[in-house]
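Morning, everyone. Let me take you through two helix pairs and the cysteines.

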Amino acid sequence: MVQVSLTDKIALVTGATRGLGKGIATGLGEAGATVYITGRTATPSTTADIGGSLQETQVAVEEAGGRCITVQVDHGDDTQVERLFDQIQSEQGQLDILINNVYSGVNALRTASGKPFWQSEVTLWDACNQVGLRSHYVASRLAARMMTQRQQGLIGTISSWGGLMPIFGVAYGTGKTACDRMMADMARELKPYQVTSISLWPGIVDTEQISKFADEMAAESVPDPRMRVIQDRFNWETPLLTGRVVAAVANDPTVHQRTGRVHVVAEWAKHYGLVDQAGNLPVSLRSLKFALPAGIPALRPCVQWIPDWCVPWPLLLWATLAAPKI
């Protein structure tokens, strides 16, 4: 794997009690960064449905080789977020990396699964886009104030394929599309200050929430055919893969040349020669090696012989728009 050192870097990962946030923080810890992490749950709970806490992530980051500072924050409260950035400024005097990851919509999406938007509660919109899209804007604004002063920095926004194609419905897809547009517009305004803004698209990530979601869908008497790859756990990624990609990107001196763009985690992992903790490298969701076996499960025994060519973005977008509607 590529050698990455971030020993002099200060990073902030929002929403890091579990899942992708924990994996990203751990990946930055492997590279030796000082990592601030946020979340609402400070310590482990014996009654939690899924679990995860700032304390547990801190242990994982420090075991990986980093320094971790936990800050209990509800990202739905702007005042708490402002205090967080004031603390980083006071303690470190700099912020080099912000990863906008916090998200509060998973439970609401599970509840609304299979329903058209007009049959879902209007609160689904806020669950997906209050702590998610809006909170990313708030954190990016505060981070940019620090980064532009030093003429350097990386703002990474965890987005999704849902910004290009329908996955979890209207509220989710609109929010992810907006995340990518926000990232691109921020990049344009930040470019003269040498601050980079990018979006990262993980694949299907084996988080605690998504794993439970898959179990629930598999147990349904009439499983949703649109969610077959989730139910089957086909080509899943681990959260640490995204973390290692984030660390490699932050360490890349040419990263500013890619500002304002969406980047696929699996494709960058291949570029940097990265694997997850099990030594696996999942393929991109726009590669033939994923798309063909995902659509035709009978091809999965032959997956090793399918080329991993990636479908060009314009063709992928056309295929998405032209696909028969369910």
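**Helix packing and cysteines**

Start with helix 9 (residues 239-251) and helix 10 (residues 265-272): their axes come within 9 Å and cross at roughly 60 degrees. This is a predicted model, where local features need pLDDT of at least 70, side-chain atom pairs count only at pLDDT 80 or more, and totals for chains, interfaces and linings use all residues. Residues are numbered from 1 along each chain as its sequence is written, and side-chain values use heavy atoms, with hydrogens and water left out.

Helix 9 and helix 10 are therefore oblique (not under 35 degrees, roughly parallel; not over 145, roughly antiparallel; not 65 to 115, roughly perpendicular). Which residues make the contact? From helix 9, Leu241, Thr242, Val245, Ala248 and Val249; from helix 10, Val265, Trp268, Ala269 and Tyr272. Contact means heavy atoms within 4.5 Å.

Next pair. Helix 3 (residues 78-92) packs on helix 5 (residues 123-150) at about 30 degrees, axes 10 Å apart. So helix 3 and helix 5 are roughly parallel. Helix 3 brings Asp78, Val81, Glu82, Phe85, Ile88 and Gln89 to the contact. Helix 5 brings Arg134, Val138, Ala139, Leu142, Ala143 and Met146.

Now the cysteines. How many disulfides are there? Zero, taking a disulfide as a pair of cysteine sulfur atoms within 2.5 Å. Take Cys128: the closest cysteine sulfur, in Cys179, is 11 Å from the sulfur of Cys128, too far for a bond. Cys128 is also buried, at 1% relative accessible area (buried is under 20%, exposed over 50%, partly exposed in between, with a 1.4 Å probe and protein chains only). Cys68 is buried too, at 4%.

Terms used
Axes are lines fitted to C-alpha atoms, for helices over the stretch in contact, and angles run from 0 to 180 degrees between N-to-C directions. Helices (H or I, at least four residues) and strands (E, at least two) are DSSP runs, numbered from the N terminus.
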